[in-house]
Amino acid sequence: MDRTIPLYKQYLFGFVLLLFSLFFAVMIMAYWAMRPHLLASQQARQVAQEVAQLKQTNQVERYSGEMTYYTIYGQTQDDQEVIVTINQETGQVYMVPQSTGLSKEEAVAKAQDYGAGTIDKAVFGRYQERSIWEVKSDKAYYLIDFTSGELVKKEGL
């Protein structure tokens, strides 16, 4: 009894195996590419929880301006909303209560007042020793002062 597999099934099996191998290789490369960022975010979250004694963290963002900062949004033990910013190079930690400045939505509205069009993203960071919101709109970046809402700098086209 001859049990040979037809040639088209052999090619199909080989093609599926090749696709699976390529998918698996891409997933491994993506993981290793994202690993440093994931580890830094996890470490920033731990530092924020220890230094600011946060009971809950909501989100971690990365701001890359003159220096790189990780920003963690969270709640203190007494339910106060705070923003903790950590300098990636020096490890210096800055903590500001959310209530002392603009929210992300207010910063976006201020940027639009200063001429921003469609908003791509807004991240919290530090620029020249002050807390700012960086609002990206099309090809321009608007740096909005966290406490006053003034335009600190506009970069881009």
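## Asp 79 and its salt bridge

At 46% relative accessibility, Asp 79 counts as partly exposed in this predicted model, because its value falls between the 20% limit for buried residues and the 50% limit for exposed ones. Its side chain forms a salt bridge with Lys 55, and the closest N and O atoms of the two residues are 2.3 Å apart. This pair links distant parts of the chain, since Asp 79 belongs to the loop between strand 2 (68-76) and strand 3, whereas Lys 55 belongs to strand 1 (residues 54-64), 24 residues away. Lys 55 is itself partly exposed, with a relative accessible area of 42%.

## Other salt bridges

The structure holds six salt bridges, and two further examples are described here. In one of them the side chains of Arg 126 and Glu 129 meet, with an N to O distance of 3.7 Å. Arg 126 counts as buried at 9% relative accessibility, whereas Glu 129 is exposed, with a relative accessible area of 63%.

In another, the side chains of Glu 155 and Lys 153 come together at 3.2 Å, again given from N to O. Glu 155 is partly exposed, at 28% relative accessibility, and Lys 153 is likewise partly exposed, at 30%.

## A charge over a ring

Arg 126 takes part in a further contact, in which its charged end sits over the ring of Tyr 94, 3.8 Å from the centre of that ring. The side chain of Arg 126 is thus found both in this arrangement with Tyr 94 and in the salt bridge with Glu 129.

## Aromatic pairs

A search of the whole structure finds seven aromatic pairs. One of them joins Tyr 31 and Trp 32 in an edge-to-face arrangement, with 5.5 Å from centre to centre and 75° between the planes. Tyr 31 counts as partly exposed, at 44% relative accessibility, while Trp 32 is exposed, with a relative accessible area of 51%.

Phe 124 and Phe 146 form another edge-to-face pair, with 5.2 Å between the ring centres and an angle of 90° between the planes. Phe 124 lies in strand 5 (residues 119-127) and Phe 146 in the loop between strand 7 (140-145) and strand 8 (151-156), so this pair ties together parts that are 22 residues apart in sequence. Both partners are buried, Phe 124 with a relative accessible area of 1% and Phe 146 with one of 2%. These two residues also belong to a cluster in which ring pairs link Tyr 73, Phe 124, Trp 133 and Phe 146.

## The largest pocket

The largest pocket has a volume of about 150 Å³. Its lining is made up of Ala 40, Gln 43, Ala 44, Val 47, Tyr 70, Ile 86, Asn 87, Gln 88 and Gly 91. Helix 1 (7-51) and strand 3 (81-87) each supply at least two residues of this lining, and helix 1 gives the most, with four residues.

By residue type, the lining of the largest pocket divides into five nonpolar residues, four polar residues and no charged residues. Among the lining residues, Ala 40, Ala 44, Val 47, Tyr 70 and Ile 86 count as nonpolar, whereas Gln 43, Asn 87, Gln 88 and Gly 91 count as polar.

Technical notes
Residues are numbered from 1 along each chain as its sequence is written. This is a predicted model: local features need pLDDT of at least 70, side-chain atom pairs count only at pLDDT 80 or more; totals for chains, interfaces and linings use all residues. Side-chain values use heavy atoms; hydrogens and water are left out. On a 1 Å grid over the protein atoms alone, a cavity is a set of points where a 1.4 Å probe fits but cannot get out, and a pocket is an open set with protein on both sides within 12 Å along at least five of seven lines; lining residues have an atom within 4 Å of a point. Grid points are joined across faces, edges and corners, and a volume is the space filled by probe spheres set on the points. Rings of Phe, Tyr and Trp (its six-membered ring) pair if their centres lie within 6.5 Å; planes under 30 degrees apart count as stacked, over 60 as edge-to-face and the rest as tilted. Buried means under 20% relative accessible area, exposed over 50%, partly exposed in between (1.4 Å probe, protein chains only). A charge sits over a ring if NZ of Lys or CZ of Arg is within 6 Å of the ring centre and within 35 degrees of the ring normal. A salt bridge is a side-chain nitrogen of Lys or Arg within 4 Å of a carboxyl oxygen of Asp or Glu.
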